[in-house]
Amino acid sequence: MDARDLRPPGILVVAADPAARAAVLEPLGRRYSADFRILDAEAPARAVEVIDELHAAGGDLALVLADDASPVAGHESVFAAARRRFPDVRRGLVIEWGAWADRATARAVLELMSHVQIDYYVVRPVHSPDESFHRAVTDFLREWEAAVGKRHRGFTVIGDDAQPRTHVLRSLLARGGVPSEHLEPDAADAMALLAEAGVDYAGVPLVRTADGRVLVDPDDAALARASGLDTSLPDGTVDVAVVGAGPGGLAAAVYAASEGLDTLVLEGESIGGQAGSSSLIRNYLGFSRGVSGSELAQRAYQQAWVFGARFAHTRRVVGLRLMDGGFELDVAPDGDVVRARAVVLATGVSYRRLSAPGLQPFVGASVFYGASSVEARAQSGRDVLVVGGGNSAGQAALHLARYARSVSLVVRSDSLAASMSRYLIDQLDAAGVGLVTGSRVVDAGAAEADRLDHVVLERVDSGERVEVPAAAVFITIGARPHTEWLPPEVLRDRWGSVITGPEVLAEGGRRAWLGDEGGPSPLESSVPGCFAVGDVRRGSVKRVASAVGEGSVVVSSVHAHLGPHVGG
């Protein structure tokens, strides 16, 4: 291959029939040839050769569209061959229009998806222009662009990979929808940027912003403001304050603002909550190909914003007081106060910290609490462990398997059947993710002071211990809410989950309900006007769709509490 042809990433079309191949190549060339190199092969064997040549020459491959998924050259398919060489490549099975009604074709699509061979199917174009075809291709290319960091990177994080704060800054930008790149301080590009700005690296992370400023170890609020987010608080009293911008809080904000309520959302960390870190949510209604947690969160955030909801980013609520006509919320870090007529608690849960002493020195650098998809690419060629048996753990392991040399799930139980969706279990098996059952992490260590290289697992039944290699550990277990900042009037169970609806009377008796004789509405706490949705609420179903449903439904109860003359 000519090196001059390698700069544009490739789109590879594979089809034996010349007419079928041309039907895909012609619209691709017309629409995408300015930015992508359009490649073709008449058979899977030749396609594998093209893929190997492109990889050997240092090129990149964005998309493979093929109508043949048969085994080839030691690979399960041309799709598997592409994925092994280019972990971020998107892969579509090309089918004829209406072929989804054919049992064999439908079975092939489902099997290829469950075995992680393809991302989705694509219908061969039958007319010009075929915008349905182009929409599918564009979606693939957008996903690839985001995965490899090809979107315009206005921000650069310059910092030591062994420093937790470097990872935090990268995560905040990524989950805020701000593309960025990371450079080690001694990299030539980093030194050139700092020399241009007249700034020296002094051992703490630096962030170069889109307008060329260099921020020295900025706090979360400064980083948010630099990326165009608002951290200020409103004067006066809002109709409803939503505490937390996970799926439940965002849904509440969308519905409250769309119905004319003066709505403020306070979020101490990143938009999207735990769901925002998920690499791919496959079972959310309306997204047949799946959607990343960060994209879903950003869409919901924009939707709430255009309805008029205000957001106070990086502002953590640390106290709540009951006042005549509403509530006062204490907001960190500056000790400010927000007044609201109603409050929706949507703070979600946080993962439990493991007591394994050897893990602590590596937290934030190679030990992560949560399914951080931002860190996946850094695990290329490494052995990685994911601790936990829920869907979040499964999604993290599946995403990490694109890059890591090996990925294993560590669970205390004997199987995943009771805690993980069946489709994820099947995909993990197909992706070669290992499963270590009946075990827990009890210690860790490193050959170098700042680089984790192994953990110690203990059998739950026998106490037997074994050392296994691990360059990174992702922990997604023991989620529990942080509601200790709530006043005692808000009834909670012994784990801190907020009790709502009829359970308030059942749990604490009539004296627990501070309102009238009718009792609380289904999502209302023991304090009238204070509601809870999503994972923070006792009895909630730990699913994104459930949290979104509760966040949308709660607004009718908020309206009922505020009265008929508030809002639109």
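**Exercise 1. Two helices that cross**

In which sense, left-handed or right-handed, does helix 9 pass helix 14? Describe the geometry of this pair and name the residues that meet.

*Solution.* The model under study is a predicted one, and the steps below should be read with that in mind. Begin with the handedness: helix 9 passes helix 14 in a right-handed crossing. In general, two packed helices are described by the angle between their axes and the distance between the axes. For helix 9 and helix 14 (residues 544-562), the axes come within 7 Å and cross at roughly 35°. Next, turn to the residues in contact: on the helix 9 side, they are Pro-247, Gly-248, Ala-251, Ala-252, Tyr-255 and Ala-256, while helix 14 contributes Val-544, Ala-547, Val-548, Gly-551, Ser-552, Val-554 and Val-555.

**Exercise 2. The surroundings of Ala-257**

Determine whether Ala-257 is buried or exposed, and find which residues it contacts beyond its neighbours within four places in sequence.

*Solution.* First locate the residue, which belongs to helix 9 (residues 247-258). Its relative accessible area is 7%, and because buried means under 20%, Ala-257 counts as buried. With the neighbours within four places set aside, Ala-257 is in contact with Thr-263, Ala-304, Phe-307, Gly-308 and Ala-309. As a further step, consider Trp-305, which is 48 residues away from Ala-257 in sequence, although the two C-alpha atoms are 8.4 Å apart in space.

**Exercise 3. The five-stranded sheet**

Work out the strand order of the open sheet of five strands, and explain why strand 2 and strand 5 each have one side without a neighbour in the sheet.

*Solution.* The order is 2-1-3-4-5, and the pairing is parallel. Strand 2 (37-41) and strand 5 (120-123) stand at the edges with a single partner strand each, and therefore one side of each has no neighbour in the sheet. Neighbouring strands here are turned against each other by 25° on average, when direction is ignored. At the strand 5 edge, strand 4 (residues 90-95) pairs with strand 5 in the parallel sense over four bridges, and Val-94 has Val-122 in strand 5 as its bridge partner. Finally, helix 1 (residues 18-32) lies across strand 1 (10-14), strand 2, strand 3 (61-66) and strand 4, and runs at about 170° to strand 2.

**Exercise 4. The nonpolar cores**

Identify which residues touch the most other members of the largest nonpolar core, and state which helix gives the largest share of this core.

*Solution.* The largest nonpolar core has 43 residues, and those touching the most other members are Leu-12, Leu-28, Leu-61, Val-64, Leu-65, Val-137 and Leu-141. Helix 5 (residues 131-148) supplies the largest share, namely seven residues. A second, separate core holds 28 residues, including Ala-256, Ala-257, Ala-300 and Tyr-301. To look at one member of the largest core in detail, take Leu-28, whose contacts, apart from residues up to four places away in sequence, are Ile-11, Val-13, Ser-33, Ile-38, Leu-65, Phe-133 and Val-137.

**Exercise 5. Helix 6 and its packing**

Find which elements the buried residues of helix 6 pack against.

*Solution.* Helix 6 (residues 164-175) has twelve residues and reaches 16 Å from its first C-alpha to its last, close to the 16 Å expected. Among its buried residues are Thr-166, His-167 and Leu-169. The buried residues of helix 6 pack against strand 6, strand 7 (180-183), strand 8 (206-208), helix 8 (220-226), helix 10 (293-306) and strand 16 (367-369). After helix 6 comes Gly-177, with a positive phi near 75°.

Definitions and conventions: Residues numbered from 1 in each chain as written. Predicted model: local features only at pLDDT ≥ 70, side-chain atom pairs only at ≥ 80, totals over all residues. Heavy atoms only, no water. Pairing = 2+ DSSP bridges. Helix = DSSP H or I, 4+ residues; strand = E, 2+ residues; numbered from the N terminus. Axes fitted to C-alpha atoms, helices over the stretch in contact; angles between N-to-C directions. Contact = heavy atoms within 4.5 Å. Core = buried A, V, L, I, M, F, W, Y, C linked by side-chain atoms within 4.5 Å. Buried < 20%, exposed > 50% of the residue type's maximum accessible area, 1.4 Å probe, protein only. Expected span 1.5 Å × (residues − 1). Left-handed = near helix turned anticlockwise from the far one by under 90°.
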